[in-house]
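Trainee: I'd like to learn how to read a structure like this one, one feature at a time. Could we go through it together?

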Amino acid sequence: MLTTEVPRPPAVLLDTFFDPSNDLTGLSLYTGDDNALMPTPRSLDESRPYVTLTFAQSLDAKIAGKGGKQLILSGSESMAMTHWMRRMHDAIMVGIGTALNDDPQLNTRRLPPLPAEHSHKYHLPRPVVLDTNLRLSSNCKLLKNYKAGNGRRPWIVTIAPRTDIGWWNNRRTVLEEAGVQIIEVESNDGQVHIPALLRKLRELGVRSLMVEGGARVIQSFFNESQAKVFDSVIVTVAPTFVGEDGVGYGANISGGSVQNLKHVQSALFGRDIVVVLESKEV
Ligand SMILES: NC(=O)C1=CN([C@@H]2O[C@H](COP(=O)(O)OP(=O)(O)OC[C@H]3O[C@@H](n4cnc5c(N)ncnc54)[C@H](O)[C@@H]3O)[C@@H](O)[C@H]2O)C=CC1
Ligand SMILES: Nc1nc(O)c(N)c(N[C@@H]2O[C@H](COP(=O)(O)O)[C@@H](O)[C@H]2O)n1
């Protein structure tokens, strides 16, 4: 019998991702390599994953500093909440702008240590990078972690090139040899077509997707007009101002999806406010 208390995700995430009528007392927090049985948010539309759009911003709605400088906006409590969210999704996606700028790890290293008598590890989400021109560095932390056995194989989602096939094929070979799996999706105006991307990820077994940014990717999800492409938006608001030189995501947000958001809950994590909104059914 296990006597040590099992760490559990924050209530705000359990409330958002699971029906309160579900009995979660037996919620298994750990999985081995096979995450098929792991509880994860599920979309009512089975042709795509459940999608959570999430990021941290300042009071003046900036997500990075001047010239894209990465900022640690979240305090330790809300950052741990973000890592719980990572734990609860099958995959985490960022754009190549973020991958090149921040060299992120996208893992769950800020979760509380597991009790010694538990043999399983926390589930590690699949890293996914939206990378139209195959620019990801073969030396990035996502690949280093994968090779060291500390992360899943990263996936790049790209579009088929229209010109310069030789260069593209070379990049493809370099990245595949470094450990990346390349997934081709149809294009929309030279970028990855978001509804097609979601269908493809679901076909590949992804039941839940956390979209962590950056600015252009957030805008693309908010502005997608052909289909509903996200279910919830979880924003960490840090009590700080960045100033007008910082990177914002608010410009050009015009899609109907933002009008369809309803506020569900706000919660205090240390000094930060975490705001949860859900996409209304349309
Ligand atoms: N505070 C926070 O929570 C976060 C902040 N950031 C910050 O965001 C900045 C990076 O943002 P961006 O430069 O805007 O890059 P991004 O990470 O949004 O990537 C954009 C790139 O992704 C590719 N892409 C392919 N299909 C796309 C599609 N359908 N829509 C949009 N992009 C698509 C394109 O090459 C595009 O240039 C960095 O400064 C980073 O620190 C990034 C993530 C979270
Ligand atoms: N939740 C949150 N708070 C912040 O203050 C942030 N800057 C971010 N950034 C996102 O997290 C990625 C870095 O992840 P690792 O720490 O390397 O695992 C970064 O690339 C952004 O996507 N998020």
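Trainee: Let me begin with the ligand. Which polar backbone atom is 2.6 Å from an oxygen atom of ligand 2?

Mentor: Happy to help, and keep in mind that this is a predicted model. For polar contacts, look for pairs of N or O atoms within 3.5 Å. Here the backbone partner belongs to Leu 73, with 2.6 Å between its polar atom and the ligand 2 oxygen. Side chains take part too: an N or O atom of Asp 102 is 2.8 Å from an oxygen atom of ligand 2, and one of Thr 82 is 3.3 Å from a nitrogen atom of ligand 2.

Trainee: How much of the accessible area of ligand 2 does the protein cover?

Mentor: On its own, ligand 2 has 510 Å² of accessible area, and the protein covers 88% of that. As for the elements around it, α2 (76-88) and α3 (96-102) are those that give two or more residues to the shell. The largest share, 3 residues, is from α2.

Trainee: Which residues come nearest to ligand 2, and how does the shell divide by residue character?

Mentor: The shell holds 17 residues, and those that come nearest are Leu 71, Leu 73, Ser 74, Gln 105 and Arg 109. By character, 8 residues of the shell are nonpolar, 5 polar and 4 charged.

Trainee: Now a single residue. Is Phe 17 buried or exposed?

Mentor: Compare its relative accessible area with the cut-off: buried means under 20%. Phe 17 counts as buried because its relative accessibility is 6%. This residue sits in helix α1 (residues 11-17). Leaving aside residues up to four places away in sequence, Phe 17 touches Pro 41, Tyr 50, Thr 52, Met 85, Met 88, His 89, Ser 232 and Ile 234. Take Pro 41: it is 24 residues from Phe 17 in sequence, yet their C-alpha atoms are 5.1 Å apart.

Trainee: And where is Gly 250 found?

Mentor: Gly 250 lies in the loop that links β13 (247-248) to α8 (256-259). A relative accessible area of 43% makes Gly 250 partly exposed. Its C-alpha is 9.8 Å from that of Arg 216, a residue 34 places away in sequence.

Trainee: One last helix: which residues of α6 are buried?

Mentor: In α6 (residues 194-203), the buried residues are Ile 194, Pro 195, Ala 196, Leu 197, Leu 198 and Leu 201. After α6 comes Gly 205, with a positive phi near 100 degrees.

How values were computed. Residues numbered from 1 in each chain as written. Chains lettered and ligands numbered in written order. Predicted model: local features only at pLDDT ≥ 70, side-chain atom pairs only at ≥ 80, totals over all residues. Heavy atoms only, no water. Helix = DSSP H or I, 4+ residues; strand = E, 2+ residues; numbered from the N terminus. Buried < 20%, exposed > 50% of the residue type's maximum accessible area, 1.4 Å probe, protein only. Near = heavy atom within 4 Å. Polar contact = N/O pair within 3.5 Å; in protein donor to acceptor, adjacent residues only side chain to side chain. Areas by Shrake-Rupley, 256 points an atom, 1.4 Å probe, with all protein chains shown as cover. Nonpolar A, V, L, I, M, F, W, Y, C, P; charged D, E, K, R; others polar. Contact = heavy atoms within 4.5 Å.
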